[in-house]
Structures are given as structure tokens and as C-alpha cells.
Amino acid sequence: MRVSTFVLGLFAIGQAAFVVLLLVTLIIARTFRAWHRARTRRETEELLRAAHRWLLRKDGGQGFLDAVDAADFEVVMETLQRLNSQVAGDRLEFLLSDLRDTAWFSRVRTRATSRLWWRRLAAANAFVIVAMPEDLRVLETLITDPNRMVRLATVAVLKRLQSPRLVERTLKLAEASRSVARRYPLEVLATAPGFDLRIIAERLATPRDPKELRILLDLVGELGVPSFLDYVLAHADSPDLEVRIAVARTLGQFPHPSSNATLLSLIEDPDWQVRAQAAAGIGAIGDCGTAAALDRMLRDPSWWVRLRSALALRRLGDVGLRVLRDVRADEDRYAHEMAQYVLRLDDAAVAEYSGPSVVDFTEVAMAPQAA
């Protein structure tokens with residue numbers, strides 16, 4: 001009995017010591033983080049002042065460059081990010097050009113080839129701000145990095161610097177990504193200043209692998225350039241299911257009589273994924289003349305087609321609402337239930353259902369979950 005009590009006592013003391021040690025460790029870690037943040041903030045402010053003196057030509061610039069070499073890597077990054085949002089034009093470019101002669105930029109290039117992915121990630125984030133045409137070879141390597149985070153970080157460089165090879169590798173990255181992750185590289189391409197649209201036009205005009213064609217059509221939807229409409233319409237009768245889905249999705253971004261006519265033909269497609277996406281595209285365009293066709297699609301055997309058709313009717317305003325209210329249960333119970341469900345949704349829910357963030361079950365890869 002004494003031994004048992006003694007062991008239990010030791011166990012309790014050990015537990016108490018462990019809890020105390022854990023609390024002390026947490027307090028020390030929190031104190032260190034607070035101290036580190038304060039130090040980083042202070043050093044960033046000092047480096048910013050040195051940069052502003054350089055921009056105002058109050059010194060020869062060497063004071064700022066020396067400060068960059070003496071500062072921590074993350075302090076320089078935070079300073080450059082703030083400068084990038086505050087300063088534009090030739091002055092910033094001159095400053096970034098001078099940075100290339102510093103030891104800090106040498107560290108950037110060294111990190112770009114590091115065996116540690118987080119160092120390569122830091123280099124990619126730095127190139128987003130300081131990249132020049134002579135860095136294209138390094139960037140082409142980073143955009144195909146084995147680590148997904150490094151690849152996605154490098155894509156942002158396209159907002160500063162472009163080349164056909166970088167665009168091609170970005171498209172391949174989008175092609176290899178799932179539908180949600182695919183949106184980021186496509187959005188970067190769509191918003192990149194000075195993006196050469198001829199690259200996309202040339203690719204759409206020549207026969208392509210269906211998977212690549214689908215990515216190009218998604219990018220055209222992001223760009224929303226009217227001159228691309230004819231290229232999209234040319235693929236509406238593609239034998240490939242995923243291409244027809246992408247065409248239906250893209251046409252929803254082109255409010256035009258030709259888009260409407262093509263979508264009305266696609267809601268007769270034998271595959272439910274195409275019919276559902278075509279109904280969503282009709283709702284995005286918002287032509288009240290399509291109400292009768294959408295009313296008919298409320299009787300579709302596929303739940304997803306009925307949902308997209310009901311949402312499209314809801315987006316048509318009063319005309320669509322009247323159609324939804326007139327659906328009778330004794331004529332088609334499933335159509336009536338869907339109409340009542342969509343009528344009960346508030347505007348925020350309708351917008352979320354119709355937005356790009358919702359899981360798109362018309363993707364062929366998602367068909368098992370949709371079923």
C-alpha cells in the first residue's frame with residue numbers, strides 16, 4: 001500500500017511539473033513572438049525610411065542598400081511589399097534594379113535552388129516583387145517545382161513579368177489542378193497587365209487536347225473578352241463531354257444572342273452535366289425569353305439540372321418567379337418540390353449557389369458524388 005501511494009504521488013508530481021513546464025514554455029514562446037514581431041516592425045519602419053530617402057534622392061542610395069544587406073530576409077520582404085503598394089512607376093523600378101546588386105538578392109537566388117521547400121517558397125515570393133526578364137530561367141524552374149505551394153506562389157510573378165513559356169507552364173499547372181485550385185492561376189492570367197491575348201487565340205484556333213482546351217475555355221470565361229466568343233462557339237458540338245461542359249460554363253460570361261441560342265441547344269444535350277451547366281449559363285445571361293425552356297427543364301430526370309434550372313428562373317426576376325410559383329405538384333411532384341425549395345431561398349443563398357466558390361458537380365470527376 002505504501003509503495004502504491006508513493007508511486008501515485010510521484011506520478012502526480014510529474015504531471016504537475018509537466019503542466020508547469022508546458023505553461024512556462026508557452027509563456028516564453030508567446031513573449032518571444034511578441035518581441036520578434038515588435039523588432040520586425042521596428043526594423044521594417046527603419047528600412048522604409050531609408051527607402052524613402054533613396055526615393056527622394058536625399059542620399060546616394062548606398063545607405064538603403066547597406067541597410068537591406070544588414071536586415072533579416074523577412075524584414076526586407078515586408079518592406080518591399082509595403083513599397084510595392086505605396087510606390088509605382090520608374091522610381092520603384094530603379095530601386096528594384098539597385099537591389100539586384102545586393103547580398104540580399106544573392107540570397108534570393110540561392111534560396112531558389114535550395115533543397116528546402118520553404119526557402120524556395122520565400123524566393124518565389126521575393127521574385128513576385130523584384131523579378132526581371134533575366135530571371136525567367138529561374139522562374140521557369142520554380143513554376144514546375146515539386147512543391148505545390150511554391151508553384152502557386154510563382155504564378156503571381158505573371159502580374160509583373162510574362163513570357164510564352166511561363167504562360168504555357170501556368171496553363172499546364174491549371175490543367176493539373178482540381179477545379180477549385182484551378183481558379184487561382186487562371187485568375188492571375190486574366191488579371192495580369194499586358195497579357196498577350198494572341199497566345200490564347202492561337203491555341204483556341206488550332207486543334208488541342210480536350211483537357212487543354214477545357215482549361216483555355218475556362219480562361220476565356222475569366223477574361224470575358226468579346227472577341228473570343230466565336231472561338232468558344234466553335235467547340236459547342238465537341239464530342240468530348242468535358243469540353244461541352246466548359247463551353248456551357250464559359251458562354252454564361254458572354255451575354256450575346258449567339259450565346260443564348262447555343263445554350264438553349266445545349267440544354268437538350270444527352271449528358272446531364274452539360275444540361276445543368278447550360279441552365280446555369282442561361283441564368284447568368286438573364287434573358288427572360290428563356291423562361292419557357294427553363295420551365296421545361298424543371299421536369300428533367302437529373303436533380304442537378306432541375307436545381308440549376310430553378311435557380312436560373314429565380315435569377316430572371318418576376319418572369320422566372322411566376323414560372324416557379326405556377327409549377328403544380330399534381331403535374332410533376334419533383335419539379336414542384338424543386339420550385340418550392342428555390343423560392344424559399346434568400347437572395348444571398350441564390351448568389352452563393354450561383355457563385356464560383358460552390359462545388360461544381362458538373363465536373364466529370366465529381367459525378368460519383370453528384371449521383
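Begin the tour by selecting Arg322, which is found in helix H19, residues 318-326, and keep in mind throughout that the model in the viewer is a predicted one. With a relative accessible area of 48%, Arg322 is partly exposed, because that class runs from 20% up to 50%. Add Ala291 to the selection and draw the C-alpha to C-alpha distance: Arg322 and Ala291 are 31 residues apart in sequence, and 9.7 Å separates them in space.

Now zoom out until the whole chain is in view. The protein has 22 helices and 0 strands, and its C-alpha trace spans about 80 × 75 × 35 Å along the principal axes. A compact globule of 371 residues would have a radius of gyration near 21 Å, whereas the protein has 28 Å. If the display is coloured by accessibility, 46% of the 371 residues of the protein count as buried, while the exposed area comes to about 19,800 Å², of which carbon and sulfur atoms supply 57%. Turning to contacts between residues at least 6 apart in sequence, one finds that 67% of them join residues at least 24 apart.

Next, select helix H18, residues 303-315, and compare the ends of the helix. Its end C-alpha atoms are 18 Å apart, which agrees with the 18 Å that its 13 residues should span at 1.5 Å a residue. How many of the 13 residues of H18 are buried? The count is 11, and H18 is therefore mostly covered, buried being under 20% relative accessible area. Among the buried residues of H18 are Trp304, Arg306, Arg308 and Arg314, together with Val305, Leu307 and Leu311. At the start of H18, show the side chain of Ser302, one oxygen of which reaches to within 3.3 Å of the backbone nitrogen of Trp304. Following the chain past the other end of H18 leads to Gly317, whose phi is positive, near 85°.

From there, move to helix H14, residues 241-251, where 9 of the 11 residues are buried, so that the helix is largely enclosed by the rest of the structure. The buried set in H14 includes Arg244 and Arg249 as well as Val243, Ile245, Val247 and Leu251. Which helices do the buried residues of H14 pack against? Display H12 (210-223), H13 (229-233), H15 (257-266) and H16 (272-285) to see these partners around H14. At the start of H14, a side-chain oxygen of Asp240 reaches to within 3.1 Å of the backbone nitrogen of Glu242.

Stay in this region and select His235, which lies in the loop between H13 and H14. Is His235 buried or exposed? Its relative accessibility is 17%, so His235 counts as buried. A polar atom of the His235 side chain lies 3.5 Å from the backbone oxygen of Leu204. Once neighbours within four places in sequence are set aside, His235 is in contact with Leu204, Leu213, Val243 and Val247; of these, Val243 and Val247 are among the buried residues of H14.

The last stop concerns aromatic rings, for which the count in the protein comes to 5 aromatic pairs, with ring centres within 6.5 Å. One of them is formed by Trp117 and Trp118, an edge-to-face pair with 5.9 Å centre to centre and 85° between the planes. Trp117 counts as partly exposed at 33% relative accessibility, and Trp118, at 47%, also counts as partly exposed.

Note on methods
Residues are numbered from 1 along each chain as its sequence is written. This is a predicted model: local features need pLDDT of at least 70, side-chain atom pairs count only at pLDDT 80 or more; totals for chains, interfaces and linings use all residues. Side-chain values use heavy atoms; hydrogens and water are left out. Helices (H or I, at least four residues) and strands (E, at least two) are DSSP runs, numbered from the N terminus. The expected span of a helix is 1.5 Å times one less than its number of residues. Buried means under 20% relative accessible area, exposed over 50%, partly exposed in between (1.4 Å probe, protein chains only). A polar contact is a pair of N or O atoms within 3.5 Å; within protein, one must be able to donate a hydrogen and the other to accept it, and residues adjacent in sequence count only if both atoms are side-chain atoms. The radius of gyration is taken over C-alpha atoms; the globule rule is 2.2 Å times the number of residues to the power 0.38. Contact means heavy atoms within 4.5 Å. Accessible areas come from the Shrake-Rupley method with a 1.4 Å probe; for residues, only the protein chains shown count as cover. Rings of Phe, Tyr and Trp (its six-membered ring) pair if their centres lie within 6.5 Å; planes under 30 degrees apart count as stacked, over 60 as edge-to-face and the rest as tilted.
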